[in-house]
Amino acid sequence: MPQLTWANSRDLWRAMRSKEDLTYKHDAFYLRRHMGIEPQMRAILIDWLIEISYAYRLHRETLHLSIEYIDRFMSLSKQEMRIDRLQLIGICSLYLAAKVEEIYPPKLKEFSSHMDSYSSNNEECMMKFELFMLKTLNWQISPCTCNTWLMTYLQIATINYK
């Protein structure tokens, strides 16, 4: 990496690589442990999350963060997740990512209105599952996503361009 005016390039590279390789690592074949969930179901879930993100005009980073939460949660989950929980996992990850990334995230009630009915109270179900998700993720919720790498690359490219 070239010399940067805003950070030590070696420290930045080490921090981003260690986050990707050690802290936020997930299994690429995690769906093998969740027999009821197929790859196309994950694709449908992501399409649905894209629609919700578009409806609330969420940042691109919020969507990528939520997908990373889904993948890592499913990788770290000790119990097999059923298909009926997939929508809950997706909406909770998007809600959590919105709280991390957005200045004014949508309210829990707004997100829960997009879900099929899991219980008499979707909001309470989401709050409980959000806590379960955070515990499973070991409260590590700031990974390097593809947007982080892209923004770093673009900053370096502008330095080289000048």
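**Reading a seven-helix chain**

Modeller: N138 is placed in the loop between α6 (122–136) and α7. The model is a predicted one.

Biologist: What is notable about the phi of N138?

Modeller: N138 has a positive phi, about 60 degrees, although it is not a glycine. R57 also has a positive phi without being a glycine, at about 55 degrees. R57 belongs to the loop between α2 (39–55) and α3 (60–76).

Biologist: Why does R57 count as exposed?

Modeller: Exposed means over 50% relative accessible area. R57 has 74% relative accessibility, so it counts as exposed.

Biologist: Which elements make up the secondary structure of the protein chain?

Modeller: The chain has seven helices and zero strands. From the N terminus on, the order is α-α-α-α-α-α-α. Of its 162 residues, 40% are buried.

Biologist: What makes α2 oblique to α4?

Modeller: The axes of α2 and helix α4 (residues 86–101) come within 10 Å and cross at roughly 40 degrees. That angle makes α2 oblique to α4, because angles under 35 degrees count as roughly parallel and those from 65 to 115 as roughly perpendicular, with the rest between them oblique. The crossing of α2 past α4 is right-handed.

Biologist: Why are α3 and α4 called oblique to each other?

Modeller: The axes of α3 and α4 are 8 Å apart, and the two helices pack at an angle of about 130 degrees. Roughly perpendicular ends at 115 and roughly antiparallel requires over 145, so α3 and α4 are oblique to each other. α3 passes α4 in a right-handed crossing.

Biologist: How do you know whether E61, in helix α3, is buried or exposed?

Modeller: Buried means under 20% relative accessible area. E61 has 14% relative accessibility and therefore counts as buried. The C-alpha atoms of E61 and E101 are separated by 7.3 Å, although the two residues are 40 apart along the chain.

Biologist: What makes the contact of E68 with R72 a salt bridge?

Modeller: A salt bridge needs a side-chain nitrogen of Lys or Arg within 4 Å of a carboxyl oxygen of Asp or Glu. The closest N and O atoms of E68 and R72 are 3.1 Å apart, and the pair forms a salt bridge. Both residues lie in helix α3, four residues apart, about one turn of the helix. With a relative accessible area of 11%, E68 is buried, and R72 is buried with 1%. A search of the whole structure finds five salt bridges.

Biologist: Which parts does the pair K99 and E130 tie together?

Modeller: The side chains of K99 and E130 meet in a salt bridge at 2.7 Å, N to O. K99 lies in helix α4 and E130 in helix α6, so the pair ties together parts that are 31 residues apart in sequence. K99 is partly exposed at 39%, whereas E130 counts as buried at 8%.

Biologist: Why do R82 and D84 count as partly exposed?

Modeller: Partly exposed lies between the limits of 20% and 50%. R82 has 48% relative accessibility and therefore counts as partly exposed; D84, with a relative accessible area of 38%, is partly exposed as well. Their side chains meet in a salt bridge of 3.1 Å, N to O.

Biologist: Which residues form the nonpolar patch on the surface?

Modeller: The patch consists of L150, M151, Y153 and L154, with about 420 Å² of accessible area together. L154 is in helix α7 (residues 146–161). Patch members need over 30% relative accessible area, and L154, at 40%, counts as partly exposed.

Note on methods. Residues are numbered from 1 along each chain as its sequence is written. This is a predicted model: local features need pLDDT of at least 70, side-chain atom pairs count only at pLDDT 80 or more; totals for chains, interfaces and linings use all residues. Side-chain values use heavy atoms; hydrogens and water are left out. Patches are made of residues with over 30% relative accessible area and no salt bridge: like charges are joined within 9 Å, nonpolar side chains (Val, Leu, Ile, Met, Phe, Trp, Tyr) within 5 Å. Accessible areas come from the Shrake-Rupley method with a 1.4 Å probe; for residues, only the protein chains shown count as cover. Buried means under 20% relative accessible area, exposed over 50%, partly exposed in between (1.4 Å probe, protein chains only). Axes are lines fitted to C-alpha atoms, for helices over the stretch in contact, and angles run from 0 to 180 degrees between N-to-C directions. A crossing is left-handed if the near helix is turned anticlockwise from the far one by less than a right angle, and right-handed if clockwise.
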